[in-house]
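Colleague: I am new to this structure and would like to see how each description of it is justified. Could we take the descriptions one at a time?

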Amino acid sequence: MGQMVDAFNAEHPDIQVTMTSQGEYYTQLATAAAADTLPDVAIVHADQVATQAFRNILRPIDDLVAEMGLSGDDYPAPVWAAGEVAGHRYSIPLDIHPMTMFYNADLLSAAGFDAAPMTGEEFEAVAASVTSGDNKGFDITGGFPVQQIFQQMLHQFGGSEFNAEGTEATWNSEAGVQALQWMKDVQSKYSEPNLEVDAELNAFKTGTVGMVWNGIWQTTNVTGEGVEFNGQATAVPQIGPNMAVWAGSHQFTLPAHGTIDPCKDAAAAVFIKYMAENSVTWAQAGQIPASNSVRESAEFLAIEPQASIAPSVEFAIFPPSVPGITDAFGPLGEAVGAIMNGTATDIKATLDDAATRANEILEQNRSTYGDAPQAP
Amino acid sequence: MSLATVKKRKFPLTPYLFILPHLIFFAVFVGYPFFSGLYISFFQYDYLRPEATTFIGLQNYLGLFKAGSVKFIEFWNSVRVTVTFVIWSVPFLVLIPLGLATLLNGKAPGLKFFRAVYFAPWVLSVAVISLIWWWIFQSQGGLLNYYLDLWGLETPRWLSTMPYAMVTIVIATVWWTMGYNMIIFLAALQDIPTELYEAAEMDGANAWQRFTRITLPMLQPVFVFIVIITIIASFNLLGQPLMMTRGAPAQPTGGGATEPVMLRIFNEGFVRPFQGSAAAMSVIVALIMMAFSFFNFRIFRRSE
């Protein structure tokens, strides 16, 4: 990102951009908003756009986006939809970072497979063959990102976390039970039990694990120079009847200010457009550009493993664009974690219970946030 | 009206001037936030959305006592986690430093070195000690399980199963903060007049008798002080579980088995937009801490 900002500054002597990054990002944004010291441009995760819009941290940019000549045609529909809140556009997607399958090509070829599995049957075959002695076919954690894996499997089995309006949790459907049952089964057959956060990655790095699923941002950690074996990254397989991939997305937004400087907004538009168009540099850092045209460019298709993961982002899933939606995932994370760690065994009852709690949280959100942002 | 009563009524300015510098800081950083928190706890409050801020009386408090609701489950689960941690950690954080201080209270060569060694972890930040212990306890090639495995012992999942997750946090905390209590005990030990020990020795008291009849009674006030500050410090548990277990393991009924109440309050007020409810939680936790301290005083005063 810093490299891209430097390149932009060099090409645009009349616009100077300074980049900062923060830990505890959304807390920092909130306190900066209270002090009216928000930056002119901010990158926000797709599932946070609605929340930050309703908290008066972001402002709608419909006009600016029209001026920039950007439209949803150049993006997968779900990632573009994530930036629309209460009928207004608040963000422009930069990248999509999908759930990715990392596999130990040495272990796979020793078991007689020269390619990564693409389907449920192939996945089971590979996992079963690699699992022997101290080796595990597929390690799955009980911490992050196990909830995200569940979301992906839920969609693959034809379910959804929420109804379309984002007013009700629907993960306790038949598809939800199937998804979690599948995860529990592969855990008991091919994985070590009760793995904590990142333990599956650390196990993978020791070379005793065939496959793990984690975010694409782990690519440099568990492939190439990061490991002493042939570690590879590719798209996650399609296990259920539908293809679906959990993904996050970084999106450009314009934060709210006491007084809006149209000159700065124009500069911000130039900057955002440049960054989106040149997101192939960002791809080299291990992300998938959100823009279809950038993803189709020869320049991007030359970058591996990003190029071979890229087709999966067509199937990326994003939560409904309502404020506080990430809070409603809390009970889901607890339910999935509890099942995977064995502190609960009744899948349907646990998902039901979590859905009840999530509905209560969604109700609290609706009553505190109202129907539309009070944006300045 | 005599001259004397006029003088008496006159406001004695000088002592207040002496405490003024501290008073200013106290008022700004403790007094104001305290009353502001109390005030906020009666509102549906979000500092970013003044339009949504409304007075709701005791609703925030009542919400925390509404059995079966999400706020009730999550809040009282986290209170239970923190109280469990207090009960598990405080005895070790008082007795181990007391033992260390007794051992290191002398003039033999090398003792100063050991005092420094035991005190050293305390100067580290919570992030550093959490990382160190995470690396020791983690399941994939972590130091502890590596050796347990080598000796053919069981290798529990320290960070993701109970009760081990809580045990790891207690161990990390004891290792981290015992040096501080040890230093206070040491200072108190060195204040005990040596004549007392000499006299007792002449009367034929053995080491254990000298410890229980002289050292412990003389340490009483410091002992009470240490118990109270340790309870308060343990109630403020936040960083260690945040970095070592992230609240894991998750519980099917809601909340994490090692999610402390301070993290719950932070999430309620800063991750979610419910500062009013978060303030109400803080007030309740403060009351619980005061109750603990009160009973602590009572117990030790009775034994006096």
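Colleague: How do you know that strand 1 of chain A pairs with strand 10 of chain A?

Modeller: In this predicted model, 4 bridges join strand 1 to strand 10 (residues 250–253) of chain A, and the two run antiparallel. Since a pair requires at least two bridges, these strands count as paired, and within the pairing A:Ala42 stands opposite A:Thr253.

Colleague: What makes strand 1 and strand 4 of chain A edge strands?

Modeller: The open sheet has 3 strands in the order 1-10-4 in chain A, with antiparallel pairing. Strand 1 (42–45) and strand 4 (91–93) each have a single partner strand, so one side of each is left without a neighbour in the sheet. Neighbouring strands of this sheet are turned by 40 degrees against each other on average, direction ignored.

Colleague: Why is helix 8 of chain B said to have a span close to the expected one?

Modeller: Helix 8 (residues 164–191) of chain B has 28 residues and reaches 40 Å from its first C-alpha to its last, and the expected value at 1.5 Å a residue is 40 Å, so the two are close. There is nevertheless a kink of about 40 degrees in helix 8 of chain B, centred on B:Thr177.

Colleague: Which helix of chain A gives the most to the side that touches chain B?

Modeller: The contact takes 35 residues from chain A and 27 residues from chain B. Helix 2, helix 10, helix 17 and helix 18 of chain A each give two or more residues to the chain A side, and helix 17 gives the most, with 8 residues. By class, that side has 13 nonpolar, 15 polar and 7 charged residues.

Methods
Residues numbered from 1 in each chain as written. Chains lettered and ligands numbered in written order. Predicted model: local features only at pLDDT ≥ 70, side-chain atom pairs only at ≥ 80, totals over all residues. Axes fitted to C-alpha atoms, helices over the stretch in contact; angles between N-to-C directions. Contact = placed C-beta atoms within 7 Å. Nonpolar A, V, L, I, M, F, W, Y, C, P; charged D, E, K, R; others polar. Bend = angle between axes of the 7 residues up to and from the residue.
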